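Hi everyone, thanks for making time for this. Let me put the structure up so that we can walk through it together.

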Amino acid sequence: MENDRQQTLTRMMEEHGDRLYRLCLLLLGDLYLAEDAVQDTMLKAWRGLDGYARRASEKTWLTTIAVNVCRDYRRLYWYRKRLDSEALLEQIPASPDAEPQDDEILRQVLALAPKYREPVLLYYWQQLTIPEIAALLHEKENTVSTRLRRARAQLKETLKGWDDDG
């Protein structure tokens, strides 16, 4: 039984570890805190494995844990250091299948207020659905939809003309 739990945790880390790391890095803005957050996420998953009812996908369950761990970190008194978006972008590891891209969109997403940034990152980068995001953030689906719509409007305004050739 214990061997099965270890194999499950190893598989979860292999399948979801990189994605969770990038998410934690975007939410926390610090390379080392993101590493710690992923470790804490996996430790909490390990402890909660027996209680995992599989009502949500494994991806959603782990993402929920990771977001909550990151929120806890941000509440701690020693979490004062914030990196500028340039330094953060240099730290984010590229996905193995990622193509070179202009980082301006990500810069502008990182500049959003957290209540808008989290749904955008979860929807576009983590590819979660609005109901999954609502459950994860403990918000109503309408609230998540509204925040996504407002974030898109802000991004549309701030990114106006950035991809023009002239």
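Let's start with helix H3 and a little check on its length. H3 has 18 residues, and at 1.5 Å a residue they should span 26 Å. The C-alpha atoms at its two ends are 26 Å apart, so the expectation and the model agree. Please keep in mind that this is a predicted model. How many residues of H3 are buried? The count is 13 of its 18 residues, so H3 is mostly covered.

That brings us to the inside of the protein. The largest nonpolar core has 45 residues. Within this core, Met-12, Trp-61 and Leu-122 have the most contacts. Which helices feed into the core with at least two residues each? They are H1 (2-28), H2 (31-48), H3 (58-75), H5, H6, H7 (130-137) and H8 (141-158). H1 gives the largest share, with 10 residues.

Let's take Met-12 and look around. If we leave aside neighbours within four places in sequence, Met-12 is in contact with Gly-17, Met-42, Ala-45, Leu-49, Glu-58, Trp-61 and Leu-62. Notice that Trp-61, one of these partners, also appears with Met-12 among the core residues with the most contacts.

Now for a pair of helices. As a general point, two packed helices are described by the angle between their axes and the distance between the axes. Here, H5 (residues 104-111) and H6 (residues 114-125) have axes that come within 8 Å and cross at roughly 145°. On the H5 side, the contact is made by Ile-105, Leu-106, Val-109 and Leu-110. On the H6 side, the residues are Arg-117, Val-120, Leu-121 and Trp-125. Sorted by character, the residues of this contact are seven nonpolar, no polar and one charged.

Next, Leu-137, which lies in helix H7. Is Leu-137 buried or exposed? Its relative accessibility is 4%, and the cut-off for buried is under 20%, so Leu-137 counts as buried. Not counting residues up to four places away in sequence, Leu-137 touches Val-67, Arg-71, Glu-118, Pro-119 and Leu-122. Take Pro-119: Leu-137 and Pro-119 are 18 residues apart in sequence, and their C-alpha atoms are 8.5 Å apart in space.

On to the cysteines. A disulfide is a covalent bond between the sulfur atoms of two cysteines. How many disulfides are there in this model? The count comes to zero. Cys-24 is in no disulfide, and its nearest cysteine sulfur, that of Cys-70, is 3.5 Å away. Cys-70 is likewise in no disulfide, with the sulfur of Cys-24 at 3.5 Å. The cut-off for a disulfide is within 2.5 Å, so this pair does not count as one. Cys-24 is buried, with a relative accessible area of 0%, and Cys-70 is buried at 0% too.

Finally, two loop residues. Gln-127 sits in the loop between H6 and H7, and its phi is near 55°, a positive value in a residue other than glycine. Gln-127 is exposed, with a relative accessible area of 61%. His-138 is found in the loop between H7 and H8. Its phi is positive as well, about 60°, although His-138 is not a glycine. At 60% relative accessibility, His-138 counts as exposed.

Thanks for listening, and I'm happy to go back to any part of it.

Terms used: Residues are numbered from 1 along each chain as its sequence is written. This is a predicted model: local features need pLDDT of at least 70, side-chain atom pairs count only at pLDDT 80 or more; totals for chains, interfaces and linings use all residues. Side-chain values use heavy atoms; hydrogens and water are left out. Axes are lines fitted to C-alpha atoms, for helices over the stretch in contact, and angles run from 0 to 180 degrees between N-to-C directions. Helices (H or I, at least four residues) and strands (E, at least two) are DSSP runs, numbered from the N terminus. Contact means heavy atoms within 4.5 Å. Ala, Val, Leu, Ile, Met, Phe, Trp, Tyr, Cys and Pro count as nonpolar, Asp, Glu, Lys and Arg as charged, and the others, Gly among them, as polar. Buried means under 20% relative accessible area, exposed over 50%, partly exposed in between (1.4 Å probe, protein chains only). A nonpolar core is a set of buried Ala, Val, Leu, Ile, Met, Phe, Trp, Tyr and Cys residues joined through side-chain atoms within 4.5 Å. The expected span of a helix is 1.5 Å times one less than its number of residues.
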